[in-house]
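Colleague: I would like to go through this protein with you, one question at a time. Shall we start?

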Amino acid sequence: MKPCWVLLTLAVLWLELQNGACQQVNRRKEAGENRIRPGGKRAKARYPKLKEKEAGGRGQSILTQVLDKGRFLRLGESVSLSPGNNIELRCKGSNIGWSYPTYLDTFNDSRLSIKKSDKYSQLILTSPSAADTGMYSCWVTLCDGLECLKDPDRTSRTYIYFTDKDDLFVPSAIHFEIVYLRPDRTAVIPCRVTSPLAKVSLHREVPPEEMEVDGTLVSYDPTKGFILQKLSPEHQGVFYCKAVTKAIPQISTKYQLLYVEVPSGPPYVTIEASLSSARGGDNINITCTVLGEPEMDVTFTWTYPGQNLRPVSVRDSWRLINRGMGHTTRISQSVMAVDDLETIDFGRYICRAKNKRGETAVATSVHSN
């Protein structure tokens, strides 16, 4: 009987050991079952979604770009886009105001449209080009009766670059722009670029030289241009900007910098002959031009080779022109016409322009072929 009891005891001990090992394995699986799902894939942690009001409070951008159906991009200080692709901007709110490059209004551009709904307003610009580069902004308008104000806490703006390798500079309708320099304020040479990555330098035409950009007296902002401080008559002249990327360098329009003090100084005068070299019997015109302040009257006098010996005709005129962003300039001109040239007409033509602050003389010569 003893061998049977010994065998029975050993069997019970073996069963208890097996049960204990199985329970230990099961406990290990239970401890790790939250980290591993069937199929060996890891489970992603899930977080509760924030409601729209919780995610976008006051002070955050209310301006977004619609990328495609159901996808939006909240815009920051600037963004670079490709020209040609239509853009749609949205601004959350029931009463929204918009601001965009002014020339789109000036030319009543039909490519721009603004639509409003109960929850947002949308700005759509079709076929944008490099010329559309500029600041775009929107804001919530608060009205009390007929009086409406911009809500400063719900205003968003972004500068959009429409980057075009063929137009590194934002195109301008003006090919020779006047920039007035005043000692009591800063001046801006508005050669804006279509890419924030472009390297831009400022150059004087005569004498030819590159201007030093030290970040203090001369600094550059791609959204504005070159900013000049502490201006003096030495800053006068013709300037241009050069932009460089990986492509061929490009040159901007030219800028005539005129120093204007308060009160204004003598006229800044240019003179040009229709022909610098002519033959007997030709007809020529000599044009004397002054660009100045709108309220400044200018008078002209002439000295010329055949003076008091033969008749000439002189016609004076002036008009107001808009140059740049709504800046009004007065252009005054005196045109001398000399018909059927004779030997006595060849020589030096001098134009004197005078205003209440002084007189300036310029000259040109007409030579015989």
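Colleague: Leaving aside neighbours within four places in sequence, which residues is cysteine 143 in contact with?

Modeller: This is a predicted model, so every answer describes a prediction. Cysteine 143 sits in strand E8, residues 134-144. Leaving aside neighbours within four places in sequence, its contacts are Asn95 and Cys148.

Colleague: How far apart in space are cysteine 143 and asparagine 95, C-alpha to C-alpha?

Modeller: Along the sequence, 48 residues separate cysteine 143 and asparagine 95. The two are nevertheless in contact. From C-alpha to C-alpha, the distance is 8.9 Å.

Colleague: Is cysteine 143 buried, partly exposed or exposed?

Modeller: Buried means under 20% relative accessible area, and exposed means over 50%. Cysteine 143 has a relative accessible area of 41%, so it counts as partly exposed.

Colleague: In what order do the strands of the open sheet with mixed pairing lie?

Modeller: That sheet has 4 strands. Its edge strands are E3 (78-81) and E5 (96-99), each pairing on one side only. On average, neighbouring strands are turned by 30 degrees against each other, direction ignored. The order is E3-E9-E8-E5.

Colleague: Which residue in E9 is the bridge partner of serine 137?

Modeller: E8 pairs with strand E9, residues 147-162. Their pairing is antiparallel and runs over 10 bridges. In E9, the partner of serine 137 is arginine 157.

Colleague: What is the strand order in the open sheet of 5 strands?

Modeller: The pairing in this sheet is antiparallel. Strand E2 (71-74) and strand E6 (112-116) are the edges, and each pairs on one side only. Neighbouring strands are turned by 30 degrees against each other on average, direction ignored. The order reads E2-E1-E4-E7-E6.

Colleague: Which residue in E7 is the bridge partner of isoleucine 87?

Modeller: Strand E4 (residues 87-92) and strand E7 (residues 120-125) run antiparallel. They are joined by 6 bridges. The partner of isoleucine 87 in E7 is leucine 125.

Colleague: And which residue in E7 does leucine 112 stand opposite?

Modeller: E6 and E7 run antiparallel and are joined by 5 bridges. A hairpin of 3 residues links E6 to E7. Leucine 112 stands opposite leucine 125.

Colleague: Does glutamate 88 count as buried or exposed?

Modeller: Glutamate 88 lies in strand E4. A residue is buried under 20% relative accessible area. Glutamate 88 has 19% relative accessibility, so it counts as buried.

Colleague: Which side chain does a polar contact of 3.0 Å join to that of glutamate 88?

Modeller: Look at the surroundings too. Leaving aside neighbours within four places in sequence, glutamate 88 touches Thr64, Gln65, Val66, Gln122, Leu123 and Ile124. The polar contact of 3.0 Å joins its side chain to that of arginine 90.

Colleague: Which residues touch the most other members of the largest nonpolar core?

Modeller: In soluble globular proteins, nonpolar side chains tend to be buried together. Here the largest nonpolar core has 22 residues. Strands that each supply at least two of its residues include E10 (176-181), E12 (199-204) and E16 (237-244). The residues touching the most other members are Ile189, Val200, Leu202, Phe226, Cys241 and Leu257.

Colleague: Not counting residues up to four places away in sequence, what does isoleucine 189 touch?

Modeller: Isoleucine 189 belongs to the largest nonpolar core. Some of its contacts are core members as well, among them Leu202, Phe226, Cys241 and Leu257. The full list is Leu202, Lys224, Gly225, Phe226, Leu228, Cys241, Tyr255 and Leu257.

Colleague: How many residues are in the other core, which includes Val290 and Phe300?

Modeller: This core lies apart from the largest one. Tyr349 and Val362 are also among its members. The number of residues is 21.

Colleague: What separation do the C-alpha atoms of threonine 329 and glutamate 293 have?

Modeller: Threonine 329 lies in strand E24, residues 327-338. At 0% relative accessibility, threonine 329 counts as buried. Threonine 329 and glutamate 293 are 36 residues apart along the chain. Their C-alpha atoms are separated by 5.8 Å.

Colleague: Last one: what percentage of the residues in the protein is buried?

Modeller: The protein has 3 helices and 26 strands. Its accessible surface is about 23900 Å², with 52% belonging to carbon and sulfur atoms. Of its 369 residues, the buried ones make up 37%.

Definitions and conventions: Residues are numbered from 1 along each chain as its sequence is written. This is a predicted model: local features need pLDDT of at least 70, side-chain atom pairs count only at pLDDT 80 or more; totals for chains, interfaces and linings use all residues. Side-chain values use heavy atoms; hydrogens and water are left out. Buried means under 20% relative accessible area, exposed over 50%, partly exposed in between (1.4 Å probe, protein chains only). Accessible areas come from the Shrake-Rupley method with a 1.4 Å probe; for residues, only the protein chains shown count as cover. A nonpolar core is a set of buried Ala, Val, Leu, Ile, Met, Phe, Trp, Tyr and Cys residues joined through side-chain atoms within 4.5 Å. Contact means heavy atoms within 4.5 Å. Two strands pair if DSSP finds at least two bridges between them. Axes are lines fitted to C-alpha atoms, for helices over the stretch in contact, and angles run from 0 to 180 degrees between N-to-C directions. A polar contact is a pair of N or O atoms within 3.5 Å; within protein, one must be able to donate a hydrogen and the other to accept it, and residues adjacent in sequence count only if both atoms are side-chain atoms.
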